[in-house]
Amino acid sequence: MRWARWVERFWSIAGAVSIRVKVMGIVIGLILTLGAAVTVLLHRGLTTTLERELEERGVAIAVNLASRSQEPVLTDSLITLYTLANETVRNNKGVLYVYVTDRHGQVLVHTFDRGIPEDLLTLPPITAGARHSVVQLHTETAVVQSISAPILSGRAGAVHVGISTSEMQAIIAGHIQRIVAITSAVLVLGGVLAFAVATILTRPLAQLAAAAEAVGRGDFTWRPPRWARDEIGRLGASFARMQERLAHFREELRRHDEARSRLLEQIITAQEEERRRIARELHDETGQSLTTLVVGLTTIAASGDLGAVRERARELRSVAARTLEEVHNLSRGLRPSVLDDLGLLAALERYLNEYGVSHGLAVDLHARGLDGQRLPGPVETAVYRIVQEALTNTAKHAHATAVSVLVERRDGSLHLIVEDDGRGFEVDGVLAAQDIDRRLGLHGMRERTALLGGSLTVESAPGHGTTIFVEVPLASARG
Ligand SMILES: Nc1ncnc2c1ncn2[C@@H]1O[C@H](COP(=O)(O)OP(=O)(O)O)[C@@H](O)[C@H]1O
Ligand SMILES: [Mg+2]
């Protein structure tokens, strides 16, 4: 739990700064850590090595002096002993002092100018049998290694040599200074490099971010500048492609919308047109006939001659029969009742028969997989209207000799194929033409199919007839 809080706090800080600051932070942090580690390790290693070396040298000097002091101490010649001590100080760099004690610990000679310091005399004596002993002394000016060596195994006293560690400290300090200087230089260089690299890396990213924001606002004008072909370059390129496709889709959507609203307008106009036609037909044909009937019946009512009445009634009956026929035709044209009563197949059969007769064309109808079952209402209506429109086109444009219609229920879909052997046409050109007001037929068929979640394909080429394929899913068809 605590860890999670720490991680969260870390990210709230690290996540808030820019990538450039992150990269620079990582580089500077690494250099500092490395510099500190090298400094600490070097300091430890140098101190250990140099201290051991210094001690070895001190021990060698002390042992050598002890062996040369045997004779002067035994013969009590203090002058010789003093000269020996002075020479040792003079000839060995770093040796601060030398003093010689007898076997009771009394100082025989020393090289101090102003008497031997008190605390040297309180140092513990060499343990019996030891070849030498080393003690570290901290004076005001330096750290001193005091090394003692026995003369004749201690029976004739001991020599004591003091060596300063200042030189050693100076060497170590010099090394450390160099490391710090190098680390600082690398730090400056690394900082500058990290800044440059982060700038190079983040600039395209910042541009991409700006481009993405622009796309979010619906502005697709951004073009990727020339970048290296690395990951960011690829990202930029695919972003540009994505943007182009988005722009393309938007344009397509806009055109679709436009086409659809014009189609809707056309449909409404066509509907009004149809109403006007029906109104005219009712008024001109049916109305006239009914007027004739009313006038005729009035005459009959006023007539006294039975023969004339019979004659007139026959005439009126044929007028009434004609009117009935007209109303029948009108209603069937509006919506064939057989489609509602007997289903798609029966309606198509009747329509194709009439069509074949009135246009003098060989028409055949095949049905598969329907087994007398009814289809959803919207599907039946759509398929019926599509066949009607396709066959009207064939009659109007194709100059065909034969037409065939296939309706098949397969794999949960209804498939419709209408094929003629007419002169065909350039499908893409016709469908892409801007004057869609005059292409209501093909677009209307497509819209009807799309409304049912299906698809429509037109296959045609000049001189090769026309085939229309429609597929409508039955499972998802509403109704
Ligand atoms: N079966 C066909 N044979 C030849 N040309 C056709 C056929 N169906 C359609 N066309 C061509 O496609 C055009 C568009 O048809 P359509 O959208 O139904 O509009 P319209 O029938 O009102 O002209 C027609 O004008 C015609 O040139
Ligand atoms: Mg048409």
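Which residue takes a positive phi in the hairpin of S9 and S10? In this predicted model, the answer is Gly 463, whose phi is near 85°. Five residues lie between the two strands of that hairpin. Strand S9 covers residues 455-460 and runs antiparallel to S10, to which six bridges join it. One of the pairs places Val 458 opposite its bridge partner in S10, Ile 468.

The hairpin belongs to an open sheet of five strands, ordered S6-S7-S8-S10-S9, with mixed pairing. Strand S6 (362-368) and S9 are at the edges and have a single partner strand each, so one side of each has no neighbour in the sheet. From one strand to the next the twist averages 10°. Within the sheet, S8 and S10 are paired in the antiparallel sense, over eight bridges. In this pairing, Ser 413 has Pro 473 of S10 as its bridge partner.

Two helices can now be placed against these strands. H9 packs on the sheet, where it touches S6 and S7, and its direction makes about 170° with that of S6. H10 lies across S7, S8 and S10, and it runs at about 10° to S8.

The same region can be described through its side chains. In soluble globular proteins, nonpolar side chains tend to be buried together. In this model the largest nonpolar core has 28 residues, and the members that touch the most others are Val 379, Val 383, Ile 386, Val 387 and Leu 416. At least two residues of this core come from each of helix H9 (344-359), helix H10 (377-398), strand S7 (402-410), strand S8 (413-420) and strand S10 (466-473). H10 supplies the largest share, eight residues. For Val 387, the contacts beyond four places in sequence are Leu 348, Val 405 and Val 418.

A second core, separate from that one, has 22 residues, with Leu 81, Ile 151, Val 159 and Val 161 among them.

Another set of strands lies earlier in the sequence. Strand S3 (residues 133-138) pairs with S4 in the antiparallel sense over six bridges, and the two form a hairpin with four residues between them. Here Ser 133 is matched with Ser 148, its bridge partner in S4. Strand S4 (residues 143-150) is also joined to strand S5 (residues 158-164), by seven bridges and again running antiparallel. In that pairing, the bridge partner of Ser 146 is Gly 162 in S5. S4 is mostly covered, with seven of its eight residues buried.

The ligand brings the description back to H10. Ligand 1 is surrounded by 17 residues, of which the closest are Asn 393, His 397, Ala 398, Gly 441 and Leu 442. H10 and helix H12 (440-451) are the elements that give two or more residues to this shell. The contribution of H10 is the greatest, at five residues. By type, the shell around ligand 1 consists of five nonpolar, seven polar and five charged residues.

Two loop residues deserve a look for their backbone angles. Asp 76 is not a glycine, yet it has a positive phi of about 65°. Asp 76 sits in the loop between helix H2 (19-74) and helix H3 (78-91). Is Asp 76 buried or exposed? It has 10 other C-beta atoms within 10 Å, and a residue with 12 or fewer is exposed, so Asp 76 is exposed. Asp 411, likewise not a glycine, has a positive phi of about 50°. Asp 411 is in the loop between S7 and S8. With 10 C-beta neighbours inside 10 Å, Asp 411 also counts as exposed.

A last residue lies in a helix. Ser 238 is part of helix H6 (residues 231-302). Ser 238 is exposed because it has 11 other C-beta atoms within 10 Å. Between Ser 238 and Gly 465 there are 43 Å in space, C-alpha to C-alpha, and the two are 227 residues apart in sequence.

Notes: Residues numbered from 1 in each chain as written. Chains lettered and ligands numbered in written order. Predicted model: local features only at pLDDT ≥ 70, side-chain atom pairs only at ≥ 80, totals over all residues. Core = buried A, V, L, I, M, F, W, Y, C linked by C-beta atoms within 7 Å. Buried ≥ 20, exposed ≤ 12 C-beta atoms within 10 Å, placed from the backbone. Contact = placed C-beta atoms within 7 Å. Near = placed C-beta within 6 Å. Nonpolar A, V, L, I, M, F, W, Y, C, P; charged D, E, K, R; others polar. Pairing = 2+ DSSP bridges. Axes fitted to C-alpha atoms, helices over the stretch in contact; angles between N-to-C directions.
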